[in-house]
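Reader: Hey, I've just opened this one and don't know my way around yet. Mind if I throw some quick questions at you?
Author: Go ahead, ask away.

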Amino acid sequence: MGRRGEPVSTSTPPETLGPELISRLSSSVRKPSYDRAALVPGMAHIGVGAFHRCHQAEYTDDLLSRRFDRWGVVGINIRAPYLSETLGWQGGLYTRLIREDSQVEARIIGSIVRVVDSQESAAPAIDVLASAGIEMVTMTVTEKGYCHIPSSGALDVTHPDVVHDLANPLEPRSVPGILARALELRMASHSRPVTLLSCDNIPTNGIILENVVQALASRRGNGLSDWIAANVAFPSAMVDRIAPATSEADIETVEQHFGYRDAAVVVGEPFRQWVIEQKFAGRVPRWDRVGATFVGDVTPFEHLKMRVLNGAQTTLAYLGVLAGLEHTSDAIADPLLAAFVRRMLIDETLPTLMPMPGVSPEAYVEQSLARLRNTAIRHRNHQIATDGSQKIVQRLLNPIRDRLRRGESIALLSVPVAGWMAYLIRSSARFGRHRPVSDPYADRIAGIADAVGADTRALAAAILAIDTIFDPELAANGDFRRAITSALDGLLSDNPMAVVRRSLEQPEVARLKRPAQSA
Ligand code: CS2
């Protein structure tokens with residue numbers, strides 16, 4: 001830290017960030033130290049949102065600064081927003097702010113050399129992905145972008161985009177369809193190998209990506225599936241940095257402190273981590289030289305991150321919304337929610353983790369909670385609550401399943417699962433449409449709520465019957481059903497926090513000893 005710029009007063013509209021402006025910028029903003037004009041596009045990224053700009057693009061920028069590689073990134077969006085209007089105008093340049101409470105550190109990232117908008121048609125994206133010069137494709141397309149069934153990981157062949165792509169494989173719409181088509185063109189033209197590296201928060205994301213791409217490729221009947229097996233690598237990866245969606249306030253922060261306008265600014269926390277399975281095809285940027293870790297198996301890292309950090313975020317998001325709190329940092333400042341989340345993680349989540357030499361899970365919990373207390377990161381509970389149906393399996397249901405198998409209490413982990421249900425139920429007409437919500441299952445759950453009404457047992461039963469989220473064995477477990485029904489009952493009442501308080505007082509929770517790590 002310590003690169004804090006002083007507010008700048010301007011009477012004329014500020015200039016927009018771009019290649020010409022950076023040569024004149026003050027030293028309070030760090031700039032690319034390498035010659036951007038000499039970069040050759042060697043990798044592509046699909047889904048250039050805040051997270052990519054604050055994570056993979058920064059690692060690549062680090063690599064370029066140390067002159068290890070000459071890879072530029074082609075940034076592709078196949079969904080809104082348009083990149084040409086922001087990053088494109090700025091020649092790919094943007095400001096990455098790291099914020100921690102009152103401190104701000106600014107750096108301009110130069111690793112994105114070109115942007116491609118492919119929202120109307122997949123053709124521009126496919127052109128890039130199929131080109132011989134691209135040997136690495138990273139992606140952050142959100143959990144639902146994979147069009148998989150959360151409970152099984154298989155391709156959802158009823159997904160409207162997948163239905164479309166099965167009928168029109170040459171003009172695909174879905175991420176798996178676009179990748180399968182690009183690979184087909186690679187096979188038919190230059191046949192060069194490529195790594196497809198998922199950077200989304202799904203467990204075994206490499207395996208899921210390979211499943212969904214292969215499910216489409218194998219239907220082509222032209223040898224594509226075998227060609228992919230021989231020439232394409234799908235490593236799994238764990239990615240981590242809290243980087244909320246950019247807000248107007250972030251754009252104003254740059255104007256006030258640094259005197260220029262940057263529509264593509266991104267704000268993140270100091271912490272970052274990237275653990276990548278060492279399984280590549282073609283050349284690989286040496287991100288391991290700038291802080292990433294290449295490992296044989298990412299599973300223990302995935303479990304740790306998704307169950308602890310993401311599990312805590314999801315819990316604070318649903319309970320925070322129910323308590324009327326706007327951001328993660330507001331929710332964790334609430335003594336009841338802070339006590340609940342720490343207790344849940346230590347008593348119930350930690351014993352489900354795989355042992356990791358050199359990593360103290362207890363220390364990781366404390367570090368994660370400290371990260372969530374960072375008041376400069378304005379991460380809205382509603383943003384984290386979005387698409388919960390795609391997140392709760394890895395964050396909450398998998399540890400619940402592990403505990404139930406061993407006959408252990410799930411009194412705390414069941415509360416945020418019921419929180420996800422309550423969040424969607426309360427957006428139904430019958431429950432007063434508390435807030436607009438965004439989740440692929442929102443309509444289905446609103447339909448259940450409208451049909452069932454206030455009978456919590458029937459509500460829980462109908463939602464637990466959605467087998468694409470709750471696998472049938474879990475849904476049939478009596479302890480799980482009871483815990484969910486009772487938590488949902490409390491969360492839908494006029495005093496939702498009472499059930500949170502009560503759950504901490506339940507005898508089995510109070511009795512539970514601090515678990516041994518080898519449990
Ligand atoms: C968040 C994640 O919105 C969400 O679902 O939980 O984006 C989270 O901030 C990142 O995984 C942190 O690495």
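Reader: Let's start with strand β14. How many bridges join β14 to β15, and do they run parallel or antiparallel?
Author: Before anything else, keep in mind that this is a predicted model. Three bridges link β14, residues 273-277, with β15, and the two strands run parallel. One pairing you can look up is Val275, whose bridge partner in β15 is Thr293.

Reader: What's the strand order in that sheet?
Author: The order is β11-β14-β15, in an open sheet of three strands with mixed pairing.

Reader: And which strands stand at the edges?
Author: Those are β11 (237-240) and β15 (293-295). Each has a single partner strand, so one side of each has no neighbour in the sheet. From one strand to the next, the twist averages 20 degrees.

Reader: Which helix packs on the sheet?
Author: Helix α11 does, covering residues 299-322. This helix touches β11, β14 and β15, and its direction makes about 35 degrees with that of β11.

Reader: Switching topic: helix α3. Is it largely enclosed or open?
Author: Largely enclosed by the rest of the structure, because nine of the ten residues in α3 (residues 56-65) are buried.

Reader: Which residues of α3 are buried?
Author: Gln56, Ala57, Glu58, Tyr59, Thr60, Asp61, Asp62, Leu63 and Leu64. After α3 comes Arg67, where phi is positive, near 55 degrees.

Reader: Okay, zooming out. How is the protein divided into domains?
Author: Domain 1 spans 22-295 and domain 2 spans 299-505. Taken over C-alpha atoms, their centres are separated by 29 Å. The contact takes 29 residues from domain 1 and 33 residues from domain 2.

Reader: What area is buried between domain 1 and domain 2?
Author: About 2,500 Å², and carbon and sulfur atoms give 58% of that.

Reader: On the domain 1 side, which residues lose the most area to domain 2?
Author: Lys144, Pro150 and Ile242. Together they make up 23% of what that side buries.

Reader: How many salt bridges does the rule find across that interface?
Author: Four, between domain 1 and domain 2.

Reader: Back to Lys144 for a sec. Which side chain meets Lys144 in a salt bridge?
Author: That would be Asp387, with 3.1 Å from N to O. So to find your way back to Lys144, remember that this residue is also among those in domain 1 that lose the most area to domain 2.

Technical notes:
Residues numbered from 1 in each chain as written. Predicted model: local features only at pLDDT ≥ 70, side-chain atom pairs only at ≥ 80, totals over all residues. Heavy atoms only, no water. Pairing = 2+ DSSP bridges. Helix = DSSP H or I, 4+ residues; strand = E, 2+ residues; numbered from the N terminus. Axes fitted to C-alpha atoms, helices over the stretch in contact; angles between N-to-C directions. Contact = heavy atoms within 4.5 Å. Buried < 20%, exposed > 50% of the residue type's maximum accessible area, 1.4 Å probe, protein only. Domains from an automatic or database assignment. Buried area = accessible area lost by both parts, 1.4 Å probe.
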